[in-house]
There are 2 protein chains.
Amino acid sequence: MKSKIPRPTVCRLCMVSRLLEKLHLQGRESISSTELGKLSDISPYTVRKDFSFLGDLKVLNRCYDIVFLNNIIRRRLQLEGEKLVCVVGLGRIGSAILNYDSFLSHGYKIVLGFDSSINRVETIKTDISVYPAYEIEERVHFLSIDFAILAVPASAAQEVAQRLINGGVKGILNFSQSIIKTEVDGIVIQNIDLVNELDFIRARLN
Amino acid sequence: MKSKIPRPTVCRLCMVSRLLEKLHLQGRESISSTELGKLSDISPYTVRKDFSFLGDLKVLNRCYDIVFLNNIIRRRLQLEGEKLVCVVGLGRIGSAILNYDSFLSHGYKIVLGFDSSINRVETIKTDISVYPAYEIEERVHFLSIDFAILAVPASAAQEVAQRLINGGVKGILNFSQSIIKTEVDGIVIQNIDLVNELDFIRARLN
DNA sequence: CTAAATATGTGAAAATATTCACATTTCTTA
DNA sequence: TAAGAAATGTGAATATTTTCACATATTTAG
């Protein structure tokens with residue numbers, strides 16, 4: 001077991017962990033590196049090499065024990081325990097995410113929503129607490145929110161991101177059509193741009 | 001100018017193209033590899049190396065001409081012209097995407113929606129034509145739909161994907177919580193798993 | 001119990017990708 | 001118009017990542 005995990009390996013281990021959860025739900029108990037590789041488009045060599053960062057694993061039927069392996073991955077990547085999340089921007093995408101059920105059973109609890117439109121804040125139909133955007137810093141700080149999901153117009157993205165960071169948020173999943181920059185270290189920002197995703201699919205077809 | 005573009009370069013060029021569009025909207029006319037790198041978290045060396053797949057570029061104010069550069073990238077990656085898209089699964093996420101405005105101005109026209117619930121098909125409020133899921137193959141084929149965005153429950157994902165592929169779809173952007181496999185070559189599937197995205201942010205914080 | 005079959009785990013080799021260094025080009029200004 | 005400043009473009013060097021090959025471990029079957 002080595003210590004510093006390379007970024008591509010972290011990325012694949014996250015994916016594999018999700019896959020293992022899905023397999024577990026289907027009742028599977030063990031799986032080989034070859035099959036895991038086929039399901040996730042990773043070569044079996046790379047699967048095994050990635051797992052070499054995890055310590056001893058080989059357990060069941062000559063294959064990997066799915067539950068055990070997933071536990072080890074999540075412990076190693078420090079993905080255990082529940083994190084608090086807020087959603088900023090409650091338009092169509094934002095409010096869909098605000099009510100996305102699967103987060104809770106996977107370690108993410110959505111506890112706050114924000115929007116700059118007072119009218120929308122007052123009329124939105126949801127079980128989550130929703131507040132006007134000018135309260136972001138205060139409320140995020142008060143509840144020690146860990147992550148934010150951003151779905152605001154491009155023009156507002158940078159400013160909102162800064163307020164979230166001021167409030168203490170450590171990671172931002174950014175659906176807004178604007179690249180966010182931060183000077184602060186220790187903040188992770190992941191951009192999801194739907195047009196870009198389609199472009200990438202299209203480019204890979206060549 | 002070399003010929004086969006490596007995958008990481010394709011990925012970055014897509015990102016850069018989107019960034020250039022945003023800069024253009026802000027009125028910027030030219031930009032250097034260094035600034036482009038800062039905005040997109042790519043080293044200036046890599047930016048320039050990536051551009052070496054594009055041919056001659058250097059034009060304006062000793063920097064890259066934003067419009068010209070973007071045109072070259074999109075031509076090289078064959079991202080020109082409009083593609084037709086359908087959305088399958090019109091729950092919260094699906095209907096948000098169905099009505100996402102930014103696709104149209106960026107080369108993607110959403111022309112069809114599908115859902116397995118007849119009731120939802122009949123009551124949904126949208127300008128896009130919406131049909132029951134059993135009509136997927138026929139309608140996708142008839143309109144020569146290029147891409148599909150999938151936002152169905154995990155249990156339905158694989159079957160729906162197969163029907164889309166049978167209908168002639170060449171790429172699938174998959175928001176469902178299930179990995180889709182296809183035996184067919186020439187089909188590109190891009191998975192977006194929201195839990196996975198948060199996991200990845202979290203793991204990178206370590 | 002032993003041999004055959006099948007998987008893992010990992011150092012070494014190969015393949016890829018990134019960074020560097022610097023010659024070349026473009027622009028500015030005096 | 002010539003020299004200085006600043007950016008590109010790219011072969012070579014470096015670093016990273018993936019693949020391979022095989023020793024080791026586990027399971028099954030006779």
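## Exercises on a predicted protein–DNA model

In this predicted model, 25 residues surround DNA strand D, and the closest are Pro6(A), Ser43(A), Ser33(B), Ser52(B) and Lys58(B).

### Exercise 1. The surface near DNA strand D

Task: Find which elements supply two or more residues to the surface near DNA strand D, and sort that surface by class.

Solution.

Step 1. Look for elements giving two or more residues. From chain A they are α1, α3 and β2 (58-60). From chain B they are α2, α3 and β3 (63-65).

Step 2. Pick out the largest share. α3(B) supplies it, with four residues.

Step 3. Sort by class. The surface near DNA strand D has nine nonpolar, seven polar and nine charged residues.

### Exercise 2. The surface near DNA strand C

Task: Describe the surface near DNA strand C by its nearest residues, its elements and its classes.

Solution.

Step 1. Take the residues around the strand. There are 25 around DNA strand C, and Ser32(A), Ser33(A), Lys58(A), Pro6(B) and Ser43(B) come nearest.

Step 2. List the elements that give at least two residues each. Chain A offers α2 (33-40), α3 (44-51) and β3 (63-65). Chain B offers α1 (7-25), α3 (44-51) and β2 (58-60).

Step 3. Find the largest share. Four residues come from α3(A).

Step 4. Sort by class. Nonpolar residues number nine, polar seven and charged nine.

### Exercise 3. How the two copies are related

Task: Which rotation and shift superpose chain B on chain A, and how do the copies meet?

Solution.

Step 1. Start from the general rule. Two copies of a chain are related by a rotation about an axis and a shift along it.

Step 2. Read off the values. Chain B superposes on chain A after a rotation of 180° with 0.0 Å of shift along the axis, and the RMSD is 0.1 Å. The two copies are thus related as by a two-fold rotation axis.

Step 3. Compare the interface residues. 100% of those of chain B are also interface residues in chain A, so the copies meet through the same surface.

### Exercise 4. The contact between the chains

Task: Say how many residues each chain gives to the contact, then describe the side of chain B.

Solution.

Step 1. Count the residues. Chain B gives 47 residues and chain A gives 47 residues.

Step 2. Name the elements of chain B that give two or more. They are α1, α2 (33-40), α5 (92-98), β8 (171-174), β9 (188-191) and α9 (194-204).

Step 3. Find the top contributor. α9(B) gives the most, with 11 residues.

Step 4. Sort this side by class. It has 25 nonpolar, 12 polar and 10 charged residues.

Step 5. Look closer at α9(B). Its buried residues include Leu194(B), Leu198(B), Phe200(B) and Ile201(B). The buried residues of α9(B) pack against α1 (7-25), β4, β5 (108-115), β7, β8 and β9 of chain A.

### Exercise 5. The six-stranded sheet

Task: Give the strand order of the six-stranded sheet of chain A and find its edges.

Solution.

Step 1. Write the order. The sheet is open and runs β6-β5-β4-β7-β8-β9 (chain A), with parallel pairing.

Step 2. Find the edges. β6 (129-132) and β9 (188-191) of chain A each have a single partner strand, so one side of each is left without a neighbour in the sheet. The twist averages 20° from one strand to the next.

Step 3. Check one pair. β8 (residues 171-174) of chain A and β9(A) pair in the parallel sense over four bridges. Here Leu173(A) stands opposite Gln190(A) in β9(A).

Step 4. Add a helix. α8 (residues 154-167) of chain A lies across β4 (83-88), β7 (147-150) and β8 of chain A, and α8(A) runs at about 165° to β7(A).

### Exercise 6. The three-stranded sheet and α4

Task: Describe the three-stranded sheet of chain A, then say what the buried residues of α4(A) pack against.

Solution.

Step 1. Write the order. This open sheet is β1-β3-β2 (chain A), with antiparallel pairing. Its edge strands are β1 (30-31) and β2 of chain A, each pairing on one side only.

Step 2. Check one pair. Two bridges join β1(A) to β3(A). Ser30(A) stands opposite Asp65(A) in β3(A).

Step 3. Turn to α4 (residues 66-76) of chain A. Among its buried residues are Ile66(A), Leu69(A), Ile72(A) and Ile73(A). The buried residues of α4(A) pack against α1, β1 and β3 of chain A.

Step 4. Look past the helix. Gln78(A) follows α4(A) and has a positive phi, near 55°.

Conventions. Residues are numbered from 1 along each chain as its sequence is written. Chains are lettered from A and ligands numbered from 1 in the order in which they are written. This is a predicted model: local features need pLDDT of at least 70, side-chain atom pairs count only at pLDDT 80 or more; totals for chains, interfaces and linings use all residues. Copies are superposed by least squares on the C-alpha atoms of residues with pLDDT of at least 70 in both. Two residues are in contact if their C-beta atoms, placed from the backbone, lie within 7 Å. A residue is near a molecule or strand if its C-beta atom, placed from the backbone, lies within 6 Å of it. Ala, Val, Leu, Ile, Met, Phe, Trp, Tyr, Cys and Pro count as nonpolar, Asp, Glu, Lys and Arg as charged, and the others, Gly among them, as polar. Two strands pair if DSSP finds at least two bridges between them. Axes are lines fitted to C-alpha atoms, for helices over the stretch in contact, and angles run from 0 to 180 degrees between N-to-C directions. A residue is buried if 20 or more other C-beta atoms lie within 10 Å of its own, exposed if 12 or fewer, and partly exposed in between; C-beta atoms are placed from the backbone.
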